[in-house]
Amino acid sequence: MKNTLSKTISGIIEISRGMFTILKHLFRKPITLEYPEQRPDLSQRFKGRLALRVKEDGSDRCSGCGSCVKVCPCGDLIQITKEKDENGKFIVKDFVVDMGRCIFCGNCTEVCPSKGLVMTNEFELADYSRESLIYDKKRLLLSAEESKKYDESN
Ligand code: SF4
Ligand code: SF4
């Protein structure tokens, strides 16, 4: 009898605790979002898809130094093709990143001496084939206006 009574009392206490927790959260602002209609506020340092910044005049920031290639822990994920322009200066002809293999560590952006390579806040990268996750220079390039947004974060 004593055992049954103590079990009943502890049951009531547990239920009350549960109800109290529910009540506590009932009037709080929800932390979930109705995605994709509602978009999350991402931090400026969010590590999303890689992109190449340009200077104000629209010319490449990337000099093709290759530092990003060397620090990438995923091997040959970044590939840079260079060629000489009419003045004999090396220019970056193509810059290819296989985003399907990228682990978003950010090493490549941290070592970039020209602040030309950045991680954007673009996170919706799902696609139907591995090939379409390979971004060439044309796809990676930001406009001069978009490039400005990353002035302070990098
Ligand atoms: S973010 Fe990391 S894994 Fe991705 S390309 Fe840069 S260095 Fe390589
Ligand atoms: S580290 Fe920067 S400047 Fe050097 S190749 Fe990579 S993106 Fe270009």
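## Reading a predicted chain, feature by feature

Student: Where do I start with this one?

Tutor: Start by remembering that the model is predicted. Then go through the helices and strands from one end to the other.

Student: How many helices and strands does the protein chain have, and in what order do they run?

Tutor: The chain has five helices and five strands. Starting at the N terminus, they go α-β-α-β-β-α-β-β-α-α. For overall shape, look at the radius of gyration: it comes to 26 Å, well over the 15 Å that the globule rule gives for 154 residues, so the chain is more spread out than a compact globule. A box drawn along the principal axes around the C-alpha atoms is roughly 95 × 30 × 30 Å.

Student: What share of the residues is buried?

Tutor: Buried residues are 15% of the 154 in the protein chain. Helix α1 shows the open side of that: none of its 25 residues is buried, so α1 lies largely in the open.

Student: What distance should separate the ends of helix α1?

Tutor: Count 1.5 Å a residue, and the 25 residues of α1 (residues 2-26) should span 36 Å. The C-alpha atoms at its ends are 36 Å apart, so the model agrees with the expectation.

Student: Now the sheet. What holds strands together in general?

Tutor: Strands in a sheet pair through backbone hydrogen bonds, and the pairing is either parallel or antiparallel. Here you have an open sheet of three strands in the order β2-β3-β5, paired antiparallel. β2 (78-84) and β5 (134-135) are the edge strands, each pairing on one side only.

Student: How many bridges join β3 and β5?

Tutor: Two bridges, in the antiparallel sense, link β5 with strand β3 (residues 90-98). Look for valine 97: its bridge partner in β5 is tyrosine 135.

Student: Which residues are closest to ligand 2?

Tutor: Cys62, Cys65, Cys68, Cys112 and Leu117 are the closest of the 14 residues that surround ligand 2. Sorted by character, that shell holds eight nonpolar residues, six polar and no charged ones.

Student: Last one: is lysine 149 buried, exposed or partly exposed?

Tutor: Count its C-beta neighbours inside 10 Å. Lysine 149 has 14, so it counts as partly exposed; 20 or more would make a residue buried, and 12 or fewer exposed. You'll find lysine 149 in the segment after α5 (144-148). Its C-alpha atom is 24 Å from that of alanine 126, with their positions 23 residues apart along the chain.

Conventions:
Residues are numbered from 1 along each chain as its sequence is written. Chains are lettered from A and ligands numbered from 1 in the order in which they are written. This is a predicted model: local features need pLDDT of at least 70, side-chain atom pairs count only at pLDDT 80 or more; totals for chains, interfaces and linings use all residues. Helices (H or I, at least four residues) and strands (E, at least two) are DSSP runs, numbered from the N terminus. The expected span of a helix is 1.5 Å times one less than its number of residues. The radius of gyration is taken over C-alpha atoms; the globule rule is 2.2 Å times the number of residues to the power 0.38. Two strands pair if DSSP finds at least two bridges between them. A residue is near a molecule or strand if its C-beta atom, placed from the backbone, lies within 6 Å of it. Ala, Val, Leu, Ile, Met, Phe, Trp, Tyr, Cys and Pro count as nonpolar, Asp, Glu, Lys and Arg as charged, and the others, Gly among them, as polar.
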